[in-house]
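Open the model in your viewer and keep the sequence panel beside it. We will move from one selection to the next and say what is there at each stop.

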Amino acid sequence: MREKELRFALICYGGISLAVYMHGITKEIWRLAAASRAFHEGRPQQGSGRVYGELLAALGERGGVRLRVMADIVAGASAGGINGIFLARAIATGQSLDPLTDLWLKDADVDYLLDPDARPLSAATKFWAVPIAGWAMKRRGNVIDRTVGEGAQEEVRAKLSRLVRARWFEPPFGGETFSNLLLDAFDAMDEGPVGPSLVPAGQPVDLFVSVTDFAGHSTPLSLNSPPRVTEQEHRLVIHFRQDPKAPDGLDDVPALAAAARATASFPGAFPPFTLRELDRVLDQRGIAWPGRDAFIRAQLPPGGEADPADRVLIDGSVLANAPFRPAIAALKQRPARREIDRRFVYIDPKPDYRSISFGKPGEGTAGEEKKLPGFLSTILGALSEIPREQPIRDNVEAIEGMSRRIRRMQYIIDAMKVEVEEQVAALFGTTFFLDTPTPARLQKWRAKAQDQAAARSGFAYAPYGHLKLSAVVEELVGTVDRLAPPAGDIHRRNRRNALWDEVRARGLDRLSGRRGLGASDDAVVFFRTHDLGFRIRRLRFLARELDRVVEAKREVRDPACDAMRDAIYAALGQYLEREGDDWLAEIDVSADADAAVWIDAIGARRDLIGADAEADNLVAAGLAQLPKDDRRKMLLAYLGYPFYDIATLPLLQGEGFDEFDPIKVDRISPSDATAIRSGGAGAMLKGIEFNSFGAFFSRAYRENDYLWGRLHGADRLVDIVASSVAGALSAEQLRAIKRRAFHAILDEEEERLPRVGALIEEIRGEIG
């Protein structure tokens, strides 16, 4: 069967107490990834994991695709940041998320989260607040009567009374209490079952956690005049990466706890976070933190003479509730040995509700004149509501812009195809051995086709060549900066200028040859040594042509096409490995070495000419498996690619793309998961009450939201996975798979969730 990877880049929104709901969703994502690995290894699964295995088997039987599912990029803020941290660690280390569920249900509670110094010591504490709280909670039609089921009303009233009588004008919840809760969670994961990592060997896992730097830090900005200024930046992204170069990147528990505590430091509810707080907690628990200095250097901006441990951090969702940007940046340098379907999946627990609401402009009862927001509403809304609810339109439009350029490129390539094939056929039509390509012949033919494409492009070659040169040099600049991080912005700029000066000194900026056609000999050698992007684009193009031109005409799976595809992705892997920093880790060059030394060392280590020889071997072996007519089509596409690249690279603004397929964006939310019940968050979730703090007041609330999180996660994940093999399963088949998944989840959770037994029976009836 054709092999394919469905890769998730997850964006986890904030949601305050809806963190419990999001735990249910991320747990289902973890189960899907675990089920995918177990399915391909032939190991049995239980619960919803067994159903996901059945889904993958059905896609293979009916769609002819052997699909693997993984999540390798996770970004989150606030409640989503906490869940993202636990999920990324479980994916990378093979640990289980199951031990966290009992902690969420038991400890994510007002009574536990209240700071010990803020808890009422007796019924007389703040005696004057008691009648106010009582009146608010007991008057007819109050929010508890309207929104809380009878079984939970007394529990909510008691806990709300204790919260009201806690200290005022200071955060009621305890920072050290929260830090201890996070460390308890990591301990529970360490003590729980451990399986294999949920990503293939060598596949990096990136975790991004957004936090807000309360005081801000100075960042340089280049202008025309004055040439250099600074501005205050408050956004901060903490980045963890686990890969072969840093195999323990997600094993630094104190660092992960610091990120989790900071990102969820909701203003007014929790005190701001500093490393001093975590230091005290670690000392009390007898935990050493050997990576503390490294964490400060890597994650916290320098603060002049101030100790970075005193930097004040607050909730990440204040400025970046949907951290798409770092996840988009992480798409580069990801290995691929088979076809990839990349999805951005964002989890929004309440798309129709605001986190904090102080009334909206124009609200009023029937017959009343609509009013503008008042003094307090305007201030509070500006400070907390608007920034937290900033739409993700810019991020989605950026992804759509990438996809739009890819679609436009595809259109141009399709329109050029007849003419390019005629050009290539004219070049090689009289070649006796064209139908029997060997590695040596491929090498010779590639060089001839590339030279002729450049010569026949005329004046179009100059802008294309300079664009290629710029892309290659800037890639070298970025590589050097990653291998030997610069001391600062000025150092980075000087190093970049030095690399460009070396390129000009070698005459590489004079691209044209003596006749003004094609590239000069020096430029050709430089591109052969350093132009990774062209080689990757060519093989991606060849994979697309195999799918659209050859395989699309088959009524059944063809082993010859599978062999060709395997050859293409194996050849692609040769280049993608060399693109990653891990391949270059052994370069022994001083950070202050001349630009020429860096350029030559990177070229020698990558050895692209040697990789070309291996790629020719693989492609020639794959072509040999195809029937004669299909072999000729694929060979014309392979040799003709320089003609396409000259036309399309300027369109792509020099970026190029690892994949020819547009990136897709999916959402998981209560409004989208309608297989059981419609109506959005208001019809199912309890955590939206009390300005999204509702689930902190009742275990029954948390059981409710956690259960719906798992069910909604299963609902949407079945749809997303099935869409990767379009048309393989009918709507009725998908409904049947979902029903089995829902029942498996209810069977698994029924004993754990005693407070929502009636809801479970109600849902069973709705599922049927």
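Select helix α22, residues 595–606, in this predicted model. Its buried residues pack against α17 (461–483), α18 (489–505), α19 (521–530), α20 (532–550), α21 (559–579) and α23 (608–625), so colour those six helices separately if your viewer allows, using the definition of contact as heavy atoms within 4.5 Å. Which residues of α22 are the buried ones? They are Ala595, Trp598, Ile599, Ala601, Ile602, Gly603 and Arg606. To read that list along the helix, recall that an α-helix has 3.6 residues a turn, so residues three or four places apart point the same way.

Now run a distance from the first C-alpha of α22 to the last. The 12 residues of this helix reach 17 Å, close to the 16 Å expected at 1.5 Å a residue. Step just past the end of α22 and you meet Asp607, where phi is positive, near 50 degrees.

**Two charges over rings**

Stay with α22 for a moment and pick Arg605 together with Trp583. Arg605 lies over the face of Trp583, at 4.7 Å from the ring centre. Next, show Lys468 and Phe527. Here the charged end of Lys468 sits over the ring of Phe527, and the distance to the ring centre is 4.5 Å.

**An aromatic cluster**

Select Tyr13, Phe324, Phe344 and Tyr346, which ring pairs link into a cluster. In the whole structure, the count of aromatic pairs comes to 13. Start with Phe324 and Phe344: this aromatic pair is stacked, with 6.2 Å centre to centre and 10 degrees between the planes. Where do the two residues of the pair lie? Phe324 is in helix α13 (residues 324–329) and Phe344 is in strand β6 (residues 339–347), and the pair links distant parts of the chain, 20 residues apart. Both Phe324 and Phe344 are buried.

Keep Phe324 on screen and turn to Tyr346. Why does the pair of Phe324 and Tyr346 count as edge-to-face? The ring centres are 5.8 Å apart and the planes are at 65 degrees, so the pair is edge-to-face, because planes over 60 degrees apart count that way. Phe324 lies in helix α13 and Tyr346 in strand β6, so this pair ties together parts that are 22 residues apart in sequence. With a relative accessible area of 1%, Phe324 is buried; Tyr346 is buried too, at 13%, because the limit for buried is under 20%.

**A buried arginine**

Move to Arg89, in helix α3 (residues 79–93). Is this arginine buried or exposed? Arg89 is buried, with a relative accessible area of 3%. Show its side chain and look for polar partners. One polar contact, of 2.8 Å, joins the side chains of Arg89 and Asp190. Another, of 3.1 Å, runs from the side chain of Arg89 to the side chain of Gln95. For the wider surroundings, leave aside the neighbours within four places in sequence: Arg89 is then in contact with Gly94, Gln95, Phe186, Met189, Asp190, Leu250, Asp251, Val253 and Leu256.

**Two loop residues with positive phi**

Just ahead of α3, select Ser78, in the loop between β2 (65–77) and α3. Phi of Ser78 is near 55 degrees, a positive value in a residue other than glycine. Ser78 counts as buried at 3% relative accessibility.

Then jump to Ile16, in the loop between β1 (2–12) and α1 (19–41). Ile16 is not a glycine either, yet its phi is positive, at about 55 degrees. At 8% relative accessibility, Ile16 also counts as buried.

**Cysteines**

Search for disulfides: the structure holds 0. Two cysteines to show are Cys12, buried with a relative accessible area of 0%, and Cys561, likewise buried at 0%.

**Zooming out**

Finally, return to the whole chain, which has 29 helices and 7 strands. Buried residues make up 54% of its 768 residues. How much of the contact set with a separation of 6 or more comes from residues 24 or more positions apart? Such residues account for 79% of those contacts.

Terms used:
Residues are numbered from 1 along each chain as its sequence is written. This is a predicted model: local features need pLDDT of at least 70, side-chain atom pairs count only at pLDDT 80 or more; totals for chains, interfaces and linings use all residues. Side-chain values use heavy atoms; hydrogens and water are left out. Rings of Phe, Tyr and Trp (its six-membered ring) pair if their centres lie within 6.5 Å; planes under 30 degrees apart count as stacked, over 60 as edge-to-face and the rest as tilted. Helices (H or I, at least four residues) and strands (E, at least two) are DSSP runs, numbered from the N terminus. Buried means under 20% relative accessible area, exposed over 50%, partly exposed in between (1.4 Å probe, protein chains only). A charge sits over a ring if NZ of Lys or CZ of Arg is within 6 Å of the ring centre and within 35 degrees of the ring normal. A polar contact is a pair of N or O atoms within 3.5 Å; within protein, one must be able to donate a hydrogen and the other to accept it, and residues adjacent in sequence count only if both atoms are side-chain atoms. The expected span of a helix is 1.5 Å times one less than its number of residues. A disulfide is a pair of cysteine sulfur atoms within 2.5 Å.
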